[in-house]
Amino acid sequence: MEPGLRVVRGPDWSYGDQDGGEGHVGTVVEIGGQRGSGPPEKCVAVTWDSGVRKIYRAGHQNAYDLLAFDNGQCGVFHPSTNCDGCQERGIEGFRWKCSVCDDFDLCTSCYMSDKHKTAHSFIRHDTRSSDGVGVPARSNCKNEKRSAKGIFKDATVARGPDWRWDNQDGGDGKTGRVVNISNWNRCFRGEISVAWSAGSGYTYRLGPDGKVDLKCVVPTSGGNYYKSHLPVVGKMKVETIEDERAENFLRYFQRAALGQLLLRPLVDMLGEGISEMMSSKTPEYGVGFRVVRGPDWKWENQDGGEGFLGTITEIGGPGLTQPPINCVRVIWDDGSKNLYRAGHEEKFDLRVYEIGVDGTQHESVKCDGCNVKAIRGIRWKCSECQNSNLCSQCYSNDKHDVNHQFLRYDSPEAKKIFKLPKRSESKKVQAMGIFPGASVCRGSDWKWGGQDGGEGSVGRVLSLEDTGNSSYRSSASVQWPSGSKNVYRLGHRGNVDLKCTKPTPGGFYYRIHMPIFGKEQPPEKAGRFKVGDQVKCSVDALKLRSLQLGHGGFSMDMVPLINIPGSVKSIDDDGDVVVVYPNGKQFIYHPDGLTKE
């Protein structure tokens with residue numbers, strides 16, 4: 001179970017209107033049994049939207065007081081399943097799958113709004129990897145329908161139990177209006193934008209890490225829900241993105257092989273050779289990256305020609321069979337392989353075309369070109385427009401103004417950010433290789449017996465796919481002459497199952513805008529600051545204002561302190577840094593706005 005879960009009263013409720021009344025929503029803020037002073041085991045602490053905090057049973061004494069209203073705040077995400085009601089790309093929270101129609105899914109909002117045929121029964125999926133739970137047809141449950149109430153759009157709110165934002169609201173007792181609900185990093189629907197009566201506007205937490213910054217003065221409706229269709233808290237599985245990524249590769253594919261993951265037909269691919277898949281190469285930073293020729297290339301058309309893609313399959317290091325240190329082994333899409341320099345003799349033969357294979361995702365950053373909610377791989381941020389970001393495909397397709405300069409973020413944690421030339425003044429290169437429409441046959445890591453119809457059989461690439469939950473665009477879906485379809489590895493864990501017999505174009509890229517492999521080091525994962533460090537705000541006022549949204553807020557009093565040293569007083573659970581200055585003033589900063597002295 002995870003703090004942040006949004007709940008309503010459940011089957012064993014016996015507490016009157018402690019919650020504010022039937023349908024009023026609260027947030028799980030603490031799980032029982034995790035510390036001595038907390039709730040007992042099999043109990044949870046809930047802060048209702050009214051601000052009241054109480055402890056409830058989640059299996060204690062075989063009683064269950066709560067239903068889960070929304071688990072999106074816990075980071076539950078179905079990235080490969082789109083909602084057929086609102087067309088949302090990747091369902092956040094519960095997934096509702098029609099048990100009558102083939103491949104038809106709804107998000108909770110559409111399901112509870114009676115999209116699709118209410119006479120059809122559905123299967124509820126609480127997480128990506130959980131077994132489905134059948135629920136009755138909505139048309140038979142009209143007496144179960146309830147109206148949700150609490151902190152929703154247009155609700156009137158005041159500062160709540162976890163308030164830490166000084167007088168952003170205008171002072172204790174002041175009220176504001178909820179104007180928007182969005183995502184706080186991986187906490188979906190956990191960021192509340194409020195317009196205060198004093199005229200200021202900021203964003204606050206409703207669920208992230210179990211924190212609740214607001215309380216509701218006048219609630220509004222958040223739509224309806226079918227009471228018997230929601231999971232019982234204490235009987236359901238709540239699983240975060242990080243939990244899912246932490247599962248080892250073997251367990252993931254074992255569940256897939258048993259049919260417990262209702263994903264695309266990745267299961268079909270496993271059949272023969274599943275033991276070989278289990279023993280695939282150990283993941284290492286850079287293994288699986290898709291690459292093109294780089295600045296020090298001197299190998300003629302070994303790659304197939306400029307713009308042709310390959311895959312890094314091994315990273316250099318000590319050992320007789322490995323490439324030398326600062327070298328890598330690449331398999332090009334035509335099946336040829338060779339060693340290349342990634343810092344050896346201070347030469348760099350390769351540029352990175354695609355890094356999504358390692359799960360790089362900018363969770364809270366939406367692409368303003370295609371509106372995907374979390375940019376995968378490289379993030380491209382306009383340096384001239386406030387909060388305008390593109391994914392690699394939209395950047396290469398010249399979305400946004402090509403006369404604007406962009407910043408390149410190679411990962412969410414990247415310390416080094418690269419300012420790039422204008423696209424209007426840069427050379428474009430056509431990418432070629434294994435893209436949709438390409439002809440392919442079995443490649444160097446083929447483990448799948450006669451799935452292709454036999455040695456020499458040539459198939460057609462239908463699409464590029466994700467492999468599992470956190471390896472993006474690292475497989476290719478192929479249709480063989482026999483009509484059979486399957487998904488094969490194209491970079492996942494450094495494996496390449498296919499080689500190209502007839503390449504196709506895959507769009508363009510700006511050559512000098514792409515990362516040089518081996519020159520930009522992988523980001524450090526450890527925290528950058530500790531209490532007592534001398535730091536200074538090193539960004540301009542406009543950048544600081546953008547960073548501070550949802551991370552302590554922005555005040556004009558911060559501007560005179562830019563580039564003035566201060567001392568780290570404390571670091572919050574979510575990484576925000578409290579800095580105190582010699583004049584006694586202190587502010588909370590987003591860590592990306594600070595550098596060490």
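User: In what order do the strands of the open sheet of five strands lie?
Analyst: This is a predicted model, and the sheet in question is open, with antiparallel pairing. Strands β16 (201-205) and β17 (214-218) are the edge strands, since each pairs on one side only. Neighbouring strands of the sheet are turned by 45° against each other on average, direction ignored. The order is β16-β15-β14-β13-β17.

User: Which residue in β14 stands opposite Val157?
Analyst: Strand β13 covers residues 156-159 and strand β14 covers residues 176-184. The two run antiparallel and are joined by two bridges. Opposite Val157 stands Gly176.

User: What is the average pLDDT of the protein, and over which residues does pLDDT stay under 50?
Analyst: The average pLDDT is 85, and 87% of the residues score at least 70. Residues 521-526 have a pLDDT below 50, with eight contacts in the model beyond near neighbours in sequence. Another stretch under 50 has 100 contacts beyond four places in sequence. The average is 85, and that other stretch is residues 238-283.

User: Is Asp445 buried or exposed?
Analyst: Asp445 lies in the loop between β31 (439-442) and β32 (459-465). Its relative accessible area is 13%. Buried means under 20% relative accessible area, so Asp445 is buried.

User: Which residue's backbone nitrogen does the side chain of Asp445 reach?
Analyst: The side chain of Asp445 comes to 2.7 Å from this backbone nitrogen. A polar contact requires N or O atoms within 3.5 Å. The nitrogen belongs to Val496.

User: Why is the pair of Trp96 and Tyr111 stacked?
Analyst: The structure holds 28 aromatic pairs. In the pair of Trp96 and Tyr111, the ring centres are 4.0 Å apart. Planes under 30 degrees apart count as stacked. The pair is therefore stacked because its planes are at 5°.

User: Where in the chain are Trp96 and Tyr111?
Analyst: The pair links distant parts of the chain, with the two residues 15 residues apart. Trp96 is buried at 0% relative accessibility, and Tyr111 is buried with a relative accessible area of 0%. Trp96 is in strand β8 (residues 95-98), and Tyr111 is in helix α1 (residues 108-112).

User: Which residues form one aromatic cluster with Trp96 and Tyr111?
Analyst: Trp96 and Tyr111 belong to one aromatic cluster. The other members named with them are Phe94, Phe122 and Tyr226.

User: What angle lies between the planes of Trp480 and Tyr488?
Analyst: Trp480 is buried, with a relative accessible area of 2%, and Tyr488 is buried at 0%. Their rings form an aromatic pair, 5.9 Å centre to centre. The pair is edge-to-face, with an angle between the planes of 75°.

User: Which residue in the turn between β21 and β22 has a positive phi?
Analyst: Strand β21 (residues 327-332) and strand β22 (residues 337-341) pair in the antiparallel sense over five bridges. Within this pairing, Val330 has Asn338 as its bridge partner. The two strands form a hairpin with four residues between them. The turn residue with a positive phi, about 100°, is Gly335.

User: Which residue in β29 stands opposite Leu407?
Analyst: The open sheet of four strands has the order β27-β26-β28-β29, with antiparallel pairing. Its edge strands are β27 (389-390) and β29 (418-419). Strand β28 (residues 406-409) pairs with β29 over two bridges. Opposite Leu407 stands Lys419.

Terms used
Residues numbered from 1 in each chain as written. Predicted model: local features only at pLDDT ≥ 70, side-chain atom pairs only at ≥ 80, totals over all residues. Heavy atoms only, no water. Pairing = 2+ DSSP bridges. Axes fitted to C-alpha atoms, helices over the stretch in contact; angles between N-to-C directions. pLDDT = per-residue confidence, 0-100. Contact = heavy atoms within 4.5 Å. Buried < 20%, exposed > 50% of the residue type's maximum accessible area, 1.4 Å probe, protein only. Polar contact = N/O pair within 3.5 Å; in protein donor to acceptor, adjacent residues only side chain to side chain. Phe/Tyr/Trp six-rings, centres within 6.5 Å; stacked < 30°, edge-to-face > 60°.
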